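Work through the exercises below with the coordinates open, and try each task before reading its solution.

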Amino acid sequence: MAKSAMDCVKLARDPKRPHLKDFIKLICSDFEELHGDRLVNDDRGLVGGFATIGSEKVLVLGHNKGATVEENMEANFGMANPDGYRKAMRLAKLAEKFHLPVVTFVDTPGAYPGREAEERGQAEAIAKSLEFFSRLKTPVVVVVTGEGGSGGALAIAVGDKILMMENAIYSVISPEGCAGILWRDGAKAPEAAEALKITAPDLLKLGAIDEVVKEPAGGAQKNHKAAASAVKKAILAALKALKKIPVDELIEKRYEKIRAYGNFYG
Amino acid sequence: MSWFEPKAEKAKIPPAKALWAICPKCGSHFEKAVWKKNNAICPKCNYHGRLSARERIAQVADAGTFSEVFRAVSYSDHLAFHDATGPYKAKVEATIAKSGETESIVMGTAKIDGHPVMLGVMDFAFMGGSLGTGTGERIARACEQAIAENRPLVLFSASGGARMHEGILSLMQMAKTSAAIAKLKEAGLPYISVLTDPTTGGVSASYAMLGDINVTEPKALIGFAGRRVIENTIHQKLPDDFQSAEYLEKHGFIDKIVERSELKGFLAKMLGYWGF
């Protein structure tokens, strides 16, 4: 039987799926994490640092779900606070300054819905991030590795090349949230997941992503090494192509790409 | 059957809803005519209620100066979306037929106290003011036209967020509108964002929060996540004024809360300071 959208949701959320730390360990030959937004905090739900991938020096940014219960709690399961998005922009500005590309790993249920998050401007931080990455003068490669949860995902998913793993999902709202509103029944999540078209092949057809990265048989959770190796290959190919483009042209092409979202049919 | 006749008699008494306006903030009842005469502002608590896009345009644009653009840019049903109550297409077509609007934002060129602007006003009555592909396209085009004609951009937001019926492409409109606004700002043109009640979700997390200045009206609801979602996440009761205009101003995300009667003058004054 063909895989349903909800099967994909389950795979994308599988706790055994490789997370940011696994990808960094398997893809990068070194990684130096840098902390803090220089304003109030060091968010643990979104981390960043300079790294080497193959022969490329890059800035890595990514949602951090955490591997243990303690890490999960500390990182809010990868639900970033405004401080996380502001840290991401601070570090990306450094990458731009030193002419290094940015690679982002997207895996979040969504931006953190908390009191402090609202008070420190969750909406403003996401909005700024979208504006910021649309004009950043260095190549940006995005990999949606697990859950691409709405605005919290998009905030670090504006770039020149959008890669997405075969069993990842990317959606404007969680299937449960959508089912709760439009079906008035959270249990109808499988129907909502189908209707929302949130799988990598569907999103490729809709023009929301550029490339699907194949996963090992049964899913990335079965073989972290093989999954990471495919992601690494796709990142390096994307970087190689993007680095050839003069930066002004790159920004203009990025704009045209963003500008075209939604104009594919009708 | 004469037994059923009295039904017609009953219908002569209008239901309470047709007579009374209830302030959603303080719960006070007013005659509808009073509410309307007071410009949808609560006479008791000064909550600034919702206006339609056309009502707002009439209040902000100089008489006879609003010239609508992009009316043909409407929704797209990329997903052939269908939920428990039927197809999205039927729902949005019914909204179009009922409202006479073709998207959740009405866009045009206008003058505000003589200052030429590109003016966009969202209408919460159109699918909850949701951000669809048509909405995003109109805003992106407005930025481009503003750049071509050297006009400042003024957007009034009123929205529950992205339109989930349009799936990922509605989410992508957050990126599209933000990118277009970034270009507008690079061109040195002003963008004033007026966040009206309510501005939440994907709209507050994109163009609505990106104004060179962000202004709002008394007691408007502005936020990212819904109150109930937050309460369920943190298991805490939130303060009553959480996500109100006043709360956001206190926390530094709003430049000014402006009374409706003074809004037009305020916009003109700011454009005047900046030489537009």
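A residue is called buried if 20 or more other C-beta atoms lie within 10 Å of its own, exposed if 12 or fewer do, and partly exposed in between, with C-beta atoms placed from the backbone. The model is a predicted one, in which local features need pLDDT of at least 70 and side-chain atom pairs count only at pLDDT 80 or more, whereas totals for chains, interfaces and linings use all residues. Residues are numbered from 1 along each chain as its sequence is written, and chains are lettered from A and ligands numbered from 1 in the order in which they are written.

**Exercise 1.** Determine whether Leu155(B) is buried or exposed, and list what it touches.

*Solution.* Begin with the location: Leu155(B) belongs to strand 8 (residues 153-159) of chain B, where strands (E, at least two residues) and helices (H or I, at least four) are DSSP runs numbered from the N terminus. Next, count neighbours: Leu155(B) has 26 C-beta neighbours inside 10 Å and therefore counts as buried. Finally, leaving aside residues up to four places away in sequence, Leu155(B) touches Gly120(B), Ser193(B), Val194(B) and Tyr207(B), contact being defined by C-beta atoms, placed from the backbone, that lie within 7 Å.

**Exercise 2.** Explain why the buried residues of helix 2 of chain A lie on the same side, and find how this helix is oriented to helix 11 of chain A.

*Solution.* First, the buried residues of helix 2 (residues 20-27) of chain A are Leu20(A), Phe23(A), Ile24(A) and Ile27(A). Because they cover an arc of only 100 degrees around the axis, they are on the same side of helix 2 of chain A; the arc is that of the directions from the helix axis to the C-beta atoms. Their packing partners in chain A include strand 1 (28-34), strand 5 (140-149) and helix 11 (224-243).

Turning to the helix pair, the axes of helix 2 and helix 11 of chain A come within 9 Å and cross at roughly 70 degrees, the axes being lines fitted to C-alpha atoms over the stretch in contact, with angles from 0 to 180 degrees between N-to-C directions. Angles under 35 degrees count as roughly parallel, over 145 as roughly antiparallel, 65 to 115 as roughly perpendicular and the rest as oblique, and helix 2 and helix 11 of chain A are therefore roughly perpendicular to each other.

**Exercise 3.** Which element gives the largest share of the side of chain B that touches chain A?

*Solution.* The contact takes 46 residues from chain B and 43 residues from chain A. On the chain B side, helix 7 of chain B provides the largest share, 15 residues.

Definitions and conventions: Two residues are in contact if their C-beta atoms, placed from the backbone, lie within 7 Å.
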